[in-house]
Amino acid sequence: MLRQPPKFREALEALARHRVDFIVVGGVAAVLGGAPISTFDLDIVHDRASANVARLLGALADLDARYRDLTGRVLRPEGSALQGEGHHLLLTRCGPLDVLGRIAGGRGYQELLPESVIQPLGEIAIHVLGLEALIRSKAETNRDKDRAVLAILRRTLEERGT
Amino acid sequence: MSSSLDASSEMRAIDADDGVDVTLIRWMLSLSPAERLAVLQGFTDSVLELTHASPTTEVPRGA
């Protein structure tokens, strides 16, 4: 049971308000790209430069972020960890937020930026990983949950081109 | 008659190879990014609302 229901737009607005450099990946990126799939968490790849990590920490504090911990401990993300390549699976007041140093294929923010598109969302505009790169990433990961949506992503890409 | 028409329509909407509903994709592509995010938000809100409204009940053994 999710104690903090997802509020995707509010989470994205908090990150934008703190001027965090990030790229939306995963299910929300697929939806923004036009794929009819569902997800309950927001996945982002952040720029791991120290200045950006400082801004990210500010956003995460604003969002009351802590690690999703099955034992109930309250563990807060720290700057030194966020400068690494690992995955930080957080729960915020806007629902689950996965902050990823790198994704499949070892690609981080700088490598993914050319493959992202800027999507307007009302008052803000955010970088979102393009469908082509998203498909490649999910194909490389090759997990059951990724394979399940690959057909939808590929067909969405085809339909966009027609 | 109408059921065969419905079935034919469904076959056109859903690809025979991968089972993907193309009509849903075209509908999503007709929306703006903000509207697509609102669709996702509406879906998650609905699921969580239903989850809270319908707590799991035990099915008696032998039922």
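In this predicted model, the buried residues of helix α3 of chain B are covered in part by the partner chain, since what lies over them includes α1 (8-17), α2 (26-32) and β6 (116-121) of chain A together with α2 (22-29) of chain B. The residues concerned are B:Pro33, B:Arg36, B:Leu37, B:Leu40, B:Gln41, B:Thr44 and B:Leu48. They take up an arc of only 140 degrees around the axis, which places them on the same side of α3(B). The general background to such a pattern is that an α-helix has 3.6 residues a turn, so residues three or four places apart point the same way. On the face of α3(B) turned away from its buried side, the exposed residues are B:Glu49, B:Leu50 and B:Ala53.

The length of this helix can be checked against what is expected of it. Helix α3 of chain B runs over residues 33-53, and at 1.5 Å a residue its 21 residues should span 30 Å, which agrees with the 30 Å that separate its end C-alpha atoms. The chain to which it belongs has three helices and zero strands, and from the N terminus on its elements follow the order α-α-α. Of the 63 residues of chain B, 21% count as buried.

From this helix the view can be widened to the contact between the two chains. Chain A contributes 28 residues to the contact and chain B contributes 22 residues, and between them the two chains bury about 2,100 Å², of which 75% is on carbon and sulfur atoms. As for polar interactions, four residue pairs are in polar contact between chain A and chain B, counting pairs with both residues at pLDDT 80 or more, and the count of salt bridges between the chains is one. That salt bridge joins the side chains of A:Glu159 and B:Arg26, with a distance of 2.6 Å from N to O. On the side of chain A that touches chain B, α1, α2, β6 and α7 (144-161) each supply at least two residues, and α7(A) gives the most, with six residues.

Helix α7 of chain A also holds A:Thr156, a residue whose surroundings draw on both chains. Its relative accessibility is 0%, and A:Thr156 therefore counts as buried, the cut-off for that class being under 20%. Leaving aside residues up to four places away in sequence, A:Thr156 touches A:Gly33, A:Gly34, A:Ala35, A:Pro36 and A:Leu131 in chain A, and B:Ile25 and B:Leu29 in chain B.

Two further residues of chain A deserve a look for their backbone geometry. A:Arg19, although it is not a glycine, has a positive phi of about 60 degrees, and its place is in the loop between α1 and β1 (22-25) of chain A. With a relative accessibility of 59%, A:Arg19 counts as exposed, because the exposed class begins over 50%. A:Asn142, likewise a residue other than glycine, has a positive phi near 60 degrees, and it is placed in the loop between α6 (131-141) and α7 of chain A. The relative accessible area of A:Asn142 is 45%, so this residue is partly exposed.

Methods:
Residues are numbered from 1 along each chain as its sequence is written. Chains are lettered from A and ligands numbered from 1 in the order in which they are written. This is a predicted model: local features need pLDDT of at least 70, side-chain atom pairs count only at pLDDT 80 or more; totals for chains, interfaces and linings use all residues. Side-chain values use heavy atoms; hydrogens and water are left out. Helices (H or I, at least four residues) and strands (E, at least two) are DSSP runs, numbered from the N terminus. The expected span of a helix is 1.5 Å times one less than its number of residues. Buried means under 20% relative accessible area, exposed over 50%, partly exposed in between (1.4 Å probe, protein chains only). The arc is that of the directions from the helix axis to the C-beta atoms. Contact means heavy atoms within 4.5 Å. Buried area is the accessible area (1.4 Å probe) that two parts lose on being put together, summed over both. A salt bridge is a side-chain nitrogen of Lys or Arg within 4 Å of a carboxyl oxygen of Asp or Glu. A polar contact is a pair of N or O atoms within 3.5 Å; within protein, one must be able to donate a hydrogen and the other to accept it, and residues adjacent in sequence count only if both atoms are side-chain atoms.
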